[in-house]
Amino acid sequence: MIAFSRSKLLPWVSILFIELYLFLGVFIPFWFHDRGNFWDSAGHIFSTWFQRQYLFPNITGWNPFFFTGYPHNTFYGPAYHTIMVLFSFPFGVLASFKIVTILSIAALPFALYYFALKWRFDDTESAILIFLMMVPITTLHIASGATLYSMFSVGLGSEALALPFFFVYYGKLKEVLDRLKSGEIERVGGRDFLMLTLLAVFIVLTHFVVMIAAFIVAFILVANTFRKSVALFAIQHAGI
C-alpha cells in the first residue's frame with residue numbers, strides 16, 4: 001500500500017518540478033522584464049488592443065490601420081485575442097498578454113498528465129512521459145510554435161494556448177473510442193460528445209496548425225477503431 005501511494009505521487013512530483021522550473025526560470029523574468037515588443041507578440045498585442053478599443057463586444061470587424069484595411073479576426077483564429085481582451089479589462093493589455101501566455105504554458109504539464117492517463121500509462125510511465133515531453137519544449141531553440149523559444153522569443157502565443165487543449169482532446173478522444181471498441185458504450189453522446197465538440201471548436205478557433213494536428217490524430221484514431229458507431233460519431237463530430 002505504501003509503495004502504491006508513493007507511485008501515485010510520481011506524476012505530481014514530475015509536474016511540481018517542471019512548474020517550479022517554469023515559475024522561477026521563465027515566468028518571473030518574463031513578467032518583470034519583457035515588454036512584448038518582439039516578433040509576433042507585438043502583432044498579438046496590437047490585435048488585442050484594437051479588438052478592445054474598436055470591436056468589443058464583437059469579435060470580428062474591419063481594421064483600417066494596415067494593408068489599406070483587412071477583416072480583423074476573420075481569417076485568423078479569434079480565441080487567443082478575445083481571451084486576452086477579457087483579461088485586459090481588469091489588468092491591461094500588456095499584462096493580459098503575459099497572464100494568458102503564462103497560464104497556457106503552466107497548463108501544459110497537467111494536460112500531458114491527462115493525456116497519459118487516457119492512454120493508460122501507469123504512474124511511473126506517466127511521470128517519465130510528462131518530463132520527457134517537456135524536455136524539447138523547454139530546450140529546443142526552434143520557432144515551431146511548441147517550444148518556450150517560440151513563445152517567449154518569437155511570440156507564438158496562440159499556439160501556446162491551443163497546445164494544452166490539443167492534448168486533452170487527444171486523450172479524451174482516445175478514451176471514448178476505447179470505450180466504443182470495448183462495447184462499454186454503444187454510441188458517443190451526452191457529456192462525452194459535448195466535451196469533444198467544445199475542445200475541437202476551441203482548437204479550431206485558436207490556431208490553424210494545431211487544428212490540423214487535431215484532425216490528423218482524430219483521423220488516425222477513428223480509422224484504427226472503425227465500426228458503424230464510430231463512423232456515425234465521426235460524421236457528427238466533423239460536421240459540427
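The side chains of D192 and K172 meet in a salt bridge, with N and O 2.8 Å apart. A salt bridge here is a side-chain nitrogen of Lys or Arg within 4 Å of a carboxyl oxygen of Asp or Glu. D192 lies in helix α8 (residues 190-206) and K172 in helix α7 (residues 157-182), so the pair ties together parts that are 20 residues apart in sequence. Helices are DSSP runs of H or I with at least four residues, numbered from the N terminus.

This is a predicted model: local features need pLDDT of at least 70, side-chain atom pairs count only at pLDDT 80 or more, and totals for chains, interfaces and linings use all residues. Residues are numbered from 1 along each chain as its sequence is written, and side-chain values use heavy atoms, with hydrogens and water left out.

**Salt bridges**

D192 has another partner. R179 forms a salt bridge with D192. R179 lies in helix α7 and D192 in helix α8, so this pair ties together parts that are 13 residues apart in sequence. D192 and K172 are both buried. Buried means under 20% relative accessible area, exposed over 50%, and partly exposed in between (1.4 Å probe, protein chains only). R179 counts as buried at 17% relative accessibility, and D192 does at 13%. A network of salt bridges links K118, K172, E175, R179, E184 and D192.

K8 and D123 form a salt bridge elsewhere in the sequence. K8 lies in helix α1 (residues 2-33) and D123 in helix α5 (residues 123-139), so the pair ties together parts that are 115 residues apart in sequence. K8 is partly exposed at 39% relative accessibility, whereas D123 is buried at 13%. The count for the model comes to 8 salt bridges. Three of them are listed here.

| Pair | Closest N to O distance |
|---|---|
| D192 and K172 | 2.8 Å |
| R179 and D192 | 2.9 Å |
| K8 and D123 | 4.0 Å |

**Pockets**

A pocket is found on a 1 Å grid over the protein atoms alone: an open set of points where a 1.4 Å probe fits, with protein on both sides within 12 Å along at least five of seven lines. Lining residues have an atom within 4 Å of a point. A volume is the space filled by probe spheres set on the points.

The largest pocket holds about 500 Å³ of space. It is lined by 19 residues, and Y169, F215, A218, H237 and A238 lie nearest its centre. Helices α7, α8, α9 and α10 (228-239) each supply at least two lining residues. α9 gives the most, with 7 residues. By class, this lining has 17 nonpolar, 2 polar and no charged residues.

The second largest pocket holds about 190 Å³. Its lining includes Y21, D34, H141 and F152. The elements that give two or more residues to this lining are α1 and α6 (148-154). The largest share, 5 residues, comes from α1. This lining has 7 nonpolar, 4 polar and 1 charged residues.

**A surface patch**

F208, V209, I212, F215, I216, F219 and I220 form a nonpolar patch on the surface, with about 740 Å² of accessible area together. Such patches take residues with over 30% relative accessible area and no salt bridge, with nonpolar side chains joined within 5 Å. I212 is found in helix α9 (residues 208-224). I212 is partly exposed, with a relative accessible area of 36%.

Technical notes:
Patches are made of residues with over 30% relative accessible area and no salt bridge: like charges are joined within 9 Å, nonpolar side chains (Val, Leu, Ile, Met, Phe, Trp, Tyr) within 5 Å. Accessible areas come from the Shrake-Rupley method with a 1.4 Å probe; for residues, only the protein chains shown count as cover. Ala, Val, Leu, Ile, Met, Phe, Trp, Tyr, Cys and Pro count as nonpolar, Asp, Glu, Lys and Arg as charged, and the others, Gly among them, as polar.
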